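Please find below a colleague's note on the structure under review. The points concern internal space, cysteines, charged pairs and one helix residue.

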Amino acid sequence: MADSIPLNPVRKNSKRIPYYNSARLSRYSIEDEPSNLDEMPLMMSEEGFENDESDYQTLPRARVLQRQRGLGWFLCGGWKVLCGSCCDCLYHMCRRKKELKARTVWLGCPEKCEEKFPKNTIKNQKYNVFTFVPGVLYQQFKFFLNLYFLVVACSQFVPSLKIGYLYTYWAPLGFVLAVTVVREAVDEVRRYQRDKDMNSQLYSKLTVRGKVQVKSSDIQVGDLIIVEKNQRIPADMIFLRTSEKTGACFIRTDQLDGETDWKLKVAVGCTQRLPAVGDLFSISAYVYAQKPQLDIHSFEGNFTREDTDPQINESLSIENTLWASTVVASGTVIGVVIYTGKETRSVLNTSFAKNKVGLLDLELNRLTKALFLAQVVLSVVMVALQGFVGPWFRNLFRFVVLFSYIIPISLRVNLDMGKSAYGWMIMKDENIPGTVVRTSTIPEELGRLVYLLTDKTGTLTQNEMVFKRLHLGTVSYGTDTMDEIQSHIIQSYAIGTSQPSSSTSGSTPSRKTQTSGPKVRKSVSSRIHEAVKAIALCHNVTPVYETHAGVNGETESAEADQDFSDDNRTYQASSPDEVELVRWTESVGLTLVNRDLTSLQLKTPSGQILSFYILQIFPFTSESKRMGIIVREESTGDITFYMKGADVAMASIVQYNDWLEEECGNMAREGLRTLVVAKKSLSEEQYQDFESRYNQAKLSIHDRALKVAAVVESLEREMELLCLTGVEDQLQADVRPTLELLRNAGIKIWMLTGDKLETATCIAKSSHLVSRNQDIHVFKPVSNRGEAHLELNAFRRKHDCALVISGDSLEVCLRYYEHEFVELACQCPAVVCCRCSPTQKAQIVTLLQQHTANRTCAIGDGGNDVSMIQAADCGIGIEGKEGKQASLAADFSITQFKHIGRLLMVHGRNSYKRSAALGQFVMHRGMIISTMQAVFSSVFYFASVPLYQGFLMVGYATMYTMFPVFSLVLDQDVKPEMALLYPELYKDLTKGRSLSFKTFLIWVLISVYQGGILMYGALVLFESEFVHVVAISFTALILTELLMVALTIRTWHWLMVVAEFFSLGCYLASLAFLNEYFGIGRVSFGAFLDLSFITTWPFLWKVSAITLVSCLPLYIIKYLKRKFSPPSYSKLSS
């Protein structure tokens, strides 16, 4: 259908616009540039203008908005909408949020701030002292089931409505509430304790009188805070000074953005140059900071020093910031606090945990409403048959209470205990060791999932890079031939050092001195040497040496002694790929030993140190997709421009070649991350000319970024292609088979990552998230509605292809075409979202829940995944390198990604199937006794008298049937090995057929049939011993229930057999002791049960006959059904 529609983009100046339906335009008058293209619904072709009938392209949401809101709308649920919006309005008026504003912060002078800023406290609690009890009770009684029990229990305080003993109603209800309140209280106390520990961490604050210790919660905007190495940064700060000589330091951001590599941060130049720390108070300076916002990757601000002439202005960017919840990895830093508490980036990016309710609980809630309706109808029928005589209203209520067993309170107790049992089984499973169940209320959700949203770094991958391939065009080296590269490097430097008089001067052997000379084909050895040297120089890696404690306790840097020993050197960079490349050059003989802001030093295999001056550095950005460096070699004075980047960016920059594109494709198919390395030799004049233009561009006020990029691009021409590298990000154990298992189970997998687009695409291929024969559609960057419109149209034409989209483009699509985008994305076999912020991840989860009404599961391992995990219907955390934050916030915590297969296929299946059987059986148990009550009342002139007395009713729900019924939690329809071998079985679960109105109706019919047979059978067969009808019917009822449990069970367990016989024993024993209960009504008609009657043959055969008639037909039907239309799983197990 989609292909048959012409997809010509609409011309901006289309003459036909006036004919376009004006009602449709109303939705689009939002805010974008006034192009007519933007006024178009998605997929509106030019013919769509003339023929508005073809409704294929129109927006579903636009149609909904046009519905008339009349009286019908109001009665059919409109009142709910109105009430809801009124409540929301009141709530927002009461809790009006303070508008976030930009601010001017004076260094060390919090008192100069005109605004009042929030306290710097962390608060994760759901309740406080006053809201705890009301909050917990509201969470319980918002469910119809619990509210119903409360009303029925309260009715027993009215004498005229009293049916039985109070304890039969209040004991179960009290038990359920007590368990819930205690569980919530324990969780709340733990949360309070965690918050208290965080808020009371001590930090050093700089004041005019020196250092003072302050609690994290007492830090204010404007304070100067000292943060030591390995200490958490308590609030968002601007980086003023560091103890590192370079004026820069590394921080770990894994709890903020999920990336485990360290980020380099640079101190403000003006404050770093001050002679001593105390001088921060002798200058008059302030920081202007933009208003607090969500984006953790950007910041705009200015630093101004007023007491100099002229005053000093420095622009501040993201590299001058220290966000809260990150950790200082090197040196000691001093910063001025600009945002605290609720306004910090980390808090703005966390969402509050919601109370999760399982789909099964919602379905049971709906069924209980249906049962309540049936109960009321039955009561009305009873009163009507009485002829509405006397105080009929009171009788009606008595009947409602009499039939209250239709909805058994034991349903909640049994299901909650069942959930705890499933949790215990999951934690005890030896095949998934270390798994922890943190939320015991939703284990059944694991069996109903349709969407799995996963993080990449640390979840699918180990975030450990391994250098796999070096390709030089004519020759390729893999892991097994790296020793050849090493021997070439040793050889080329040996030549260099043995002939110092040669023009290469020991550093760059066989290098042409004249760049413009004739092209001489270089030897393989010299090409390898050039490539390795380029990789060793073109990066932003810093070698870090472990410090040794000095004599007087101060730490001396190992660098000071030029102790470049290999054993205590570690590399730090903002990307693990770069670290691996430098490690690899070290392994083949060229080692990076030192680096600061202006120079770097390499050590050759012979131990000689080569020094290079860093003249310029062009950092990697997601737009340019490349990084460059210009270095001057100390010994020769040669200036070289090195560059490396993604093949898409570098293909047009390097000289013509015929192998790059093909080899990049080959490596990408293997799942390797590729980088193209190139170089260009510059003369002194060329460089001087470039430098002057570059500095001029950097000072321009308008379009600075564009001008700088243009100057750099003037250098990026006809570069000499050196090599292509391939690095592998190692996947977690068994990721590929696990993803395949999940795909076969009908689960759609979306990967949401903060990483770069190329990296994300690469991992999607290597992990087989995208299968080999599938196309990948990379969504082009879009910034306005027009672009999004055209790009979505282009995407709609693709069939069965995976989607890769960046966070920025996603934001634009969701702003204008939310419904259409989600509809298209949901049809994709796999979706990859890269450069996602933590809030965006949570937003995507919520979108899927709203638009598809399917159950979602989120899995991640870092602090940046917490929002997504909390938003999903089922959150799974992995205990990884990025700390425990995700696993603590999750509902289930696992140690490896591969465990998710067993968790869903086996435990998810069992939990859902067992709970569905348990829930329906408990309802059946209630309905059968209510049917008997109805028959009894109708025979006895519609008297609202209870058939069974207090203790019998309590015993029926507990001692006599509880153990066999509860033993259903041990039942399984498929062996675990089968469930894992045939993941397709999981697809059936998502359709929810185990618990539906159809299965429920079948149980209702069974209950009515059995209740009727038992009661009428007892009345017909025992006419002469009418007094004993209670004992007879009750005995038959208990036997029927025990047989029905046996009928429901699919796989027997020894505990089930024990439970059956134990319950039967309990009942027989109680017959002897509780004989006064076995009379009719409250008066008992003076007839006590005598044991001689029970032991007579007539009693035994009549009870057996009634039981047989009630159960045998069901056994026959079950046998025939299994023979002629067996379920899918039984075909496999047979």
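**Note on the predicted model**

1. The structure, a predicted model, contains eight cavities of 30 Å³ or more. The largest cavity encloses about 180 Å³ of space. Its lining comprises 16 residues, and those nearest the centre are I163, Y405, P946, Y948 and M953. Two or more lining residues come from each of α7 (167–199), α28 (899–939) and α29 (950–957). Of these, α28 contributes the most, with three residues. By character, the lining of the largest cavity has 10 nonpolar residues, six polar and no charged.

2. Zero disulfides are present in the structure. For C113, the closest cysteine sulfur belongs to C109 and lies 8.8 Å away, which is too far for a bond. C833 is likewise in no disulfide, the sulfur of C836 being its nearest at 4.8 Å; a disulfide would need the two sulfur atoms within 2.5 Å. C113 is buried at 15% relative accessibility, and C833 is buried at 1%.

3. The salt bridges number 35. One of them pairs E445 with R855, with 2.8 Å between the closest N and O atoms. Because E445 sits in the loop between β14 (436–437) and β15 (449–454) while R855 belongs to strand β33 (residues 855–860), this pair ties together parts 410 residues apart in sequence. E445 has a relative accessible area of 1% and is buried; R855, at 12% relative accessibility, is buried too.

4. A salt bridge also joins K644 and E578, at 2.6 Å from N to O. Here strand β26 (residues 639–645), which holds K644, is linked to helix α16 (residues 576–587), which holds E578; the two residues are 66 residues apart. Both K644 and E578 are buried.

5. D973 and K913 form a further salt bridge, with an N to O distance of 3.6 Å. D973 is in the loop between α30 (962–966) and α31 (976–981) and K913 is in helix α28, so the bridge ties together parts that are 60 residues apart in sequence. D973 is buried at 8% relative accessibility, as is K913 with a relative accessible area of 14%. Elsewhere, D361, K419 and E444 are joined into one network by salt bridges that share partners.

6. Is Y694 buried or exposed? Y694, a residue of helix α19 (residues 684–699), is buried, with 7% relative accessibility. Apart from neighbours within four places in sequence, Y694 contacts Q616, I617, F618, V708, V711 and V712. Its C-alpha atom is separated by 8.6 Å from that of K707, 13 residues apart along the chain.

Key. Residues are numbered from 1 along each chain as its sequence is written. This is a predicted model: local features need pLDDT of at least 70, side-chain atom pairs count only at pLDDT 80 or more; totals for chains, interfaces and linings use all residues. Side-chain values use heavy atoms; hydrogens and water are left out. Buried means under 20% relative accessible area, exposed over 50%, partly exposed in between (1.4 Å probe, protein chains only). On a 1 Å grid over the protein atoms alone, a cavity is a set of points where a 1.4 Å probe fits but cannot get out, and a pocket is an open set with protein on both sides within 12 Å along at least five of seven lines; lining residues have an atom within 4 Å of a point. Grid points are joined across faces, edges and corners, and a volume is the space filled by probe spheres set on the points. Helices (H or I, at least four residues) and strands (E, at least two) are DSSP runs, numbered from the N terminus. Ala, Val, Leu, Ile, Met, Phe, Trp, Tyr, Cys and Pro count as nonpolar, Asp, Glu, Lys and Arg as charged, and the others, Gly among them, as polar. Contact means heavy atoms within 4.5 Å. A salt bridge is a side-chain nitrogen of Lys or Arg within 4 Å of a carboxyl oxygen of Asp or Glu.
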